[in-house]
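Here is a quick tour for anyone opening this one for the first time. Have a look around before reading on.

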Amino acid sequence: MTGLHKLGYTSEIELFIKENGLDSFQIGRIILEHRERYIVSIGEKEFDAEITGNLRFSANSRADFPAVGDWVAITAFDSEMAIIHKVLPRKSVLERQAVGKQSEKQIISTNIDVAFIVQSIDNNFNINRLERYLTICYSAGIIPVLVVTKTDLANPEEIKKAVEELEKREKKIRSIFLSNSTLEGFNQIEQEIEEAKTYCLIGSSGVGKSTLLNNLLKKNKLETNEISRSTNKGKHTTTHRELLVLENGGIIIDTPGMRELGMTENVEGIQSTFKEIYELSLECRFSDCTHTSERGCAILAAIENGIVDSASFENFQKIQREQQHFQATVAEKRKKDKEFGKMIKSILKEKKKNK
Ligand SMILES: Nc1nc2c(ncn2[C@@H]2O[C@H](COP(=O)(O)OP(=O)(O)O)[C@@H](O)[C@H]2O)c(=O)[nH]1
Ligand SMILES: [Mg+2]
Ligand SMILES: [Zn+2]
């Protein structure tokens, strides 16, 4: 395999380059991003890179900027520095609502095949949170796999309870329970990872993502902080996102811990995550059923009969409200921008008339 193929280079990207006359550029993959500075790998070597002014001006939003995982067309201007001319089409985009910005999206990483949703059994295992991660994965067309870490800190009872909860909430996803300390269960994740596919580790800070990656790399490349056992509080450990190639050929991206995971326009993701609830909602007697007290509500009946878990339904509604709020905010912003554009136009017209 050539250097680029080791980074996950596919025939689709190759075709795009040919069809769009980008042959004169070098192609690389973003492996690190820090304040609009990028490290681009071309396989054999890495460049410090910045984007062209053109790319900056044509960007409509943050989402048009390169992100970790992106394939980019670059030109090197010496042995270490390069300019990014173009971000190539993305196969998948893992994104959330930008923290503190109601109508903006923030890309977590791109061109991911499988996301490992990491939760630690001692204090982070939570199905509501899992459903949130599932929603953004399904929206992006990324396969989710749950990884529950720190099993060495839990007793068998606690692990059994977690498995039962997963079953009760009908989460039909693969789940791996493991310990980064004793390496119990670790071979399951090693077996999961295939050559030339891209994986990412997502989850709260302190759950063991970087430690897991260290174990996968079998060398201590990333920094992890010692956790204080008395408080159980993980310190923020990763400030950079990184894309790395494992010995078995798998490509893996570590992301910084996420405190909030705000919804964007994840309609399809919600429908997949809460498939049962969504399908039931189509059977309610009234098409505008709010599933609160209506007669003939299929969801209320299913909860009553113990077919649907009420906690899952509440989470479904919460996530759906957030998604609707995001869309309404985006629509509102567009309307304002449009009105502003009209106003400017009419002022210019007026000026012309008065000349
Ligand atoms: N006991 C135990 N500690 C772990 C395990 N995995 C990670 N840790 C510890 O949890 C802390 C946070 O881990 P880290 O990998 O930095 O978490 P990240 O923020 O998700 O990247 C570190 O002190 C790790 O040593 C595990 O499976 N068992
Ligand atoms: Mg980390
Ligand atoms: Zn209903």
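Let's start at the zinc ion (ligand 3), whose site is tetrahedral, with angles of 104 to 115 degrees among its four donor atoms. Keep in mind that everything here comes from a predicted model. For comparison, the ideal angle for four tetrahedral donors is 109.5 degrees.

Which protein residues act as donors to the zinc ion (ligand 3)? They are C284, C289 and C297, each through SG, and H291 through ND1. These donors lie 2.1 to 2.4 Å from the zinc ion. Read along the chain, the donors of the zinc ion (ligand 3) are spaced as C-x4-C-x1-H-x5-C.

Are C284 and C289 buried or exposed? C284 has 8% relative accessibility, so it counts as buried. C289 is buried too, because its relative accessible area is 10%.

T290 sits in the loop between α9 (275-281) and α10 (298-304). With 41% relative accessibility, T290 counts as partly exposed. If you want a feel for distances, try T290 and D78: their C-alpha atoms are 61 Å apart in space, and the two residues are 212 apart in sequence.

Now zoom out to the whole protein chain. How many helices and strands does the protein chain have? Its secondary structure comes to eleven helices and 13 strands. The C-alpha trace spans about 70 × 60 × 40 Å along its principal axes. There are 355 residues in the protein chain, and buried ones make up 45% of them.

Contacts tell you something about how the chain folds back on itself. Taking the contacts in the protein chain with a separation of 6 or more, 66% are between residues 24 or more positions apart.

What about the outside? The protein chain exposes about 19500 Å², and 48% of that is supplied by carbon and sulfur atoms. As for charge, the protein chain carries 51 positive and 52 negative side chains. The centres of those two sets lie 8 Å apart.

Next stop, helix α7, which runs over residues 209-217. How many of the nine residues of α7 are buried? Seven are, which leaves this helix mostly covered. The buried ones are K209, S210, L212, L213, N214, L216 and L217. What do they pack against? Their partners include the strands β8 (114-120), β9 (143-149) and β11 (198-202). The buried residues of α7 also pack against helix α6 (186-192) and the strands β12 (242-245) and β13 (251-254).

Right after α7 comes K218, with a positive phi near 60 degrees. Two other residues with positive phi are worth a look, E36 and K150. Neither E36 nor K150 is a glycine. Here they are side by side:

| Residue | Phi | Loop between | Relative accessibility |
|---|---|---|---|
| E36 | near 65 degrees | β1 (26-34) and β2 (37-41) | 24% |
| K150 | about 60 degrees | β9 and α5 (156-168) | 15% |

Why does E36 count as partly exposed? Its relative accessibility is 24%, and buried means under 20%, so E36 falls in the partly exposed class. K150 is at 15% relative accessibility, so K150 counts as buried. The loop that holds K150 starts from β9, and β9 is also one of the strands that the buried residues of α7 pack against.

Technical notes
Residues numbered from 1 in each chain as written. Chains lettered and ligands numbered in written order. Predicted model: local features only at pLDDT ≥ 70, side-chain atom pairs only at ≥ 80, totals over all residues. Heavy atoms only, no water. Donors = N, O, S within 2.8 Å, 3.2 Å for Na, K, Ca; no water. Tetrahedral: all angles 85-135°; square planar, octahedral: opposite > 155°, others 65-115°. Buried < 20%, exposed > 50% of the residue type's maximum accessible area, 1.4 Å probe, protein only. Helix = DSSP H or I, 4+ residues; strand = E, 2+ residues; numbered from the N terminus. Contact = heavy atoms within 4.5 Å. Areas by Shrake-Rupley, 256 points an atom, 1.4 Å probe, with all protein chains shown as cover. Lys, Arg positive; Asp, Glu negative; His and termini not counted. Charge placed at Lys NZ, Arg CZ, Asp CG, Glu CD.
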